[in-house]
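Here are my notes on the model, as numbered points. Please read them with the structure open.

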Amino acid sequence: MAVSDWAPKSIPFNAPAIEGDEMAYLEAAVRDGHISAKGPFTAKVVELLRQQIGGAEVLLTTSCTAALELAAMLLDIEPGDTVIVPSFTFVTTAMAFVREGAQLLFADIEPDTLGLDPNHVRELLDDSVRAVVPVHYAGVGCDLTGIRSELAGRSGRRGIDLIEDNAHGLFGRYQGNPLGSFGRMSTLSFHETKNFSCGEGGALVLNRSSDVERAHVLYDKGTNRRAFEGGRVDEYSWIDRGSSFGLADLLAAYLLAQLEAQEAVLSKRRAISGCYRELLEPHTERLGLRLPAVPADRVQAYHMFYVLLPDRASRDRALRKLNADGIMATTHYVPLHSSLMGSKVAARMTECPVTTEMSGRLLRLPFFNGLDLATVAAIVDRLVAAVEASP
Ligand SMILES: *Cc1c(COP(=O)(O)O)cnc(C)c1O
């Protein structure tokens, strides 16, 4: 579609889509009469996720934030403990650990994948570190080999755990293995903006069987209800800390239908991503654009499509022009290390220059299952025109 064919209409950044049996499953959940947590649809989602990711157990939670909070509780953070998180991430990757009393060490990202930089992790590692929390940005695995080799042989005061915030990376792979299967635990998001959604939802994947029993206690309001249900105690009572983390089975029903459409969803997103890439590629050199890098040993999860512009000024200009055309492109994370709260909860100041630079240059383009390729072409035309136009 040429620019001249463009008929102005608003193109959202994201739009939720029904992909299969969502409505039928919702109705079935209500009819079956179990709509709270841990119902039959939850069991099916857990089975599906365990088949795909592996892990000793999967707990469906009310959000990825809740899953991160549950992960942080399982670490038994003590005063003086620190957690290494990328500065370039969503707030709750960091906040979940702060709520448990940890201080943070903000690490920089690599310029190619925008994932946690193992070299900066090495510089930050000291005896205070209790956990490292990488994010697989845009669904492209970060350098897990590099990060794991930095952690190898280092134990800190009480062990250093890897916890993957895999909110973007469901069904992505790193060197043949599923994202989310590398850490002691990993988290997923089923928020409206993610690839597979039930409005609000998440999951904690436990890759260590020794975590399963206690995780269920914290998950179930600090009670040993699971032991009771398994006939191992006569009545259940309050035995630990915890909260109400469980996802309603009503939402698990919706989510199951989304996950069962895995192939259809991923192929639509792969096509959109491929189309953006193919149409933008011829302009990259001339306009100084950079497209997302996907190293050869990784399978991406197609969570988003972003473009890096030459600098913040050109990014802001392109963003304003696209938005004025009704194309709801958007920026992404404001670096946490320089945020008001980030500076209060950092164990010490750290420098994350790549984060600051990429945050200023990054533009996310509309990306959702129902985005048709003609519209992708129109968005690319508009973006190219916006970057070409002089300030
Ligand atoms: C979306 C997201 C979260 C939070 O997910 P919720 O389900 O909305 O709590 C956490 N981390 C990352 C990297 C995310 O993209």
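How many residues surround the ligand, and which are the closest?

1. The ligand shell. This is a predicted model. In it, 16 residues surround the ligand. The closest are Thr65, Asp165, His168, Ser189 and Lys194. By class, the shell holds five nonpolar, nine polar and two charged residues. Two helices each give at least two residues to this shell: helix 3, spanning 64-74, and helix 4, spanning 91-98.

2. Polar contacts of the ligand. Three contacts are worth checking by eye. A ligand nitrogen lies 2.7 Å from an N or O atom in the Asp165 side chain. A ligand oxygen lies 2.7 Å from an N or O atom in the His168 side chain. At Cys64 the partner is a polar backbone atom, 2.8 Å from an oxygen of the ligand. Taken alone, the ligand exposes 380 Å², and the protein buries 93% of that.

3. The ligand site as a pocket. Which pocket does the ligand take up? The space it fills is the largest pocket. For anyone setting up a box there, the residues to display include Thr65, Ser189 and Lys194, which are among the closest to the ligand.

4. Asp76 and its backbone. Phi of Asp76 is positive, about 50 degrees, although the residue is not a glycine. Most residues other than glycine have a negative phi. Asp76 sits in the loop between helix 3 and strand 2 (82-86). Is Asp76 buried or exposed? Neither: its relative accessibility is 34%, so Asp76 counts as partly exposed.

5. Leu114 and its backbone. Leu114 has a positive phi too, near 60 degrees, and is a residue other than glycine. Its place is the loop between strand 3 (103-107) and helix 5 (118-124). Leu114 counts as buried because its relative accessible area is 1%, and the cut-off for buried is under 20%.

6. Lys9, ahead of the helices. Lys9 belongs to the segment before helix 1 (22-32). With 52% relative accessibility, Lys9 counts as exposed, since the cut-off is over 50%. Where is Ile327 relative to Lys9? The two are 318 residues apart along the chain, yet their C-alpha atoms are separated by 8.1 Å.

7. Met23, inside helix 1. Met23 lies in helix 1. Its relative accessible area is 52%, so Met23 is exposed. Met23 and Ala257 are 234 residues apart in sequence. In space, their C-alpha atoms are 8.7 Å apart.

8. Gly370, in a loop. Gly370 is found between strand 12 (362-365) and helix 14 (373-388). A relative accessible area of 55% makes Gly370 exposed. Val265 is 105 residues from Gly370 in sequence and 9.4 Å from it in space, C-alpha to C-alpha.

9. Asp249, in helix 9. Helix 9 covers residues 249-260 and contains Asp249. Is Asp249 buried or exposed? Its relative accessibility is 0%, so Asp249 counts as buried. How far is Asp249 from His136? The pair is 113 residues apart in sequence and 28 Å apart in space, C-alpha to C-alpha.

Definitions and conventions:
Residues are numbered from 1 along each chain as its sequence is written. This is a predicted model: local features need pLDDT of at least 70, side-chain atom pairs count only at pLDDT 80 or more; totals for chains, interfaces and linings use all residues. Side-chain values use heavy atoms; hydrogens and water are left out. A residue is near a molecule or strand if one of its heavy atoms lies within 4 Å of it. A polar contact is a pair of N or O atoms within 3.5 Å; within protein, one must be able to donate a hydrogen and the other to accept it, and residues adjacent in sequence count only if both atoms are side-chain atoms. Accessible areas come from the Shrake-Rupley method with a 1.4 Å probe; for residues, only the protein chains shown count as cover. On a 1 Å grid over the protein atoms alone, a cavity is a set of points where a 1.4 Å probe fits but cannot get out, and a pocket is an open set with protein on both sides within 12 Å along at least five of seven lines; lining residues have an atom within 4 Å of a point. A molecule sits in a cavity or pocket if more than half of its atoms lie within 2 Å of its grid points. Helices (H or I, at least four residues) and strands (E, at least two) are DSSP runs, numbered from the N terminus. Ala, Val, Leu, Ile, Met, Phe, Trp, Tyr, Cys and Pro count as nonpolar, Asp, Glu, Lys and Arg as charged, and the others, Gly among them, as polar. Buried means under 20% relative accessible area, exposed over 50%, partly exposed in between (1.4 Å probe, protein chains only).
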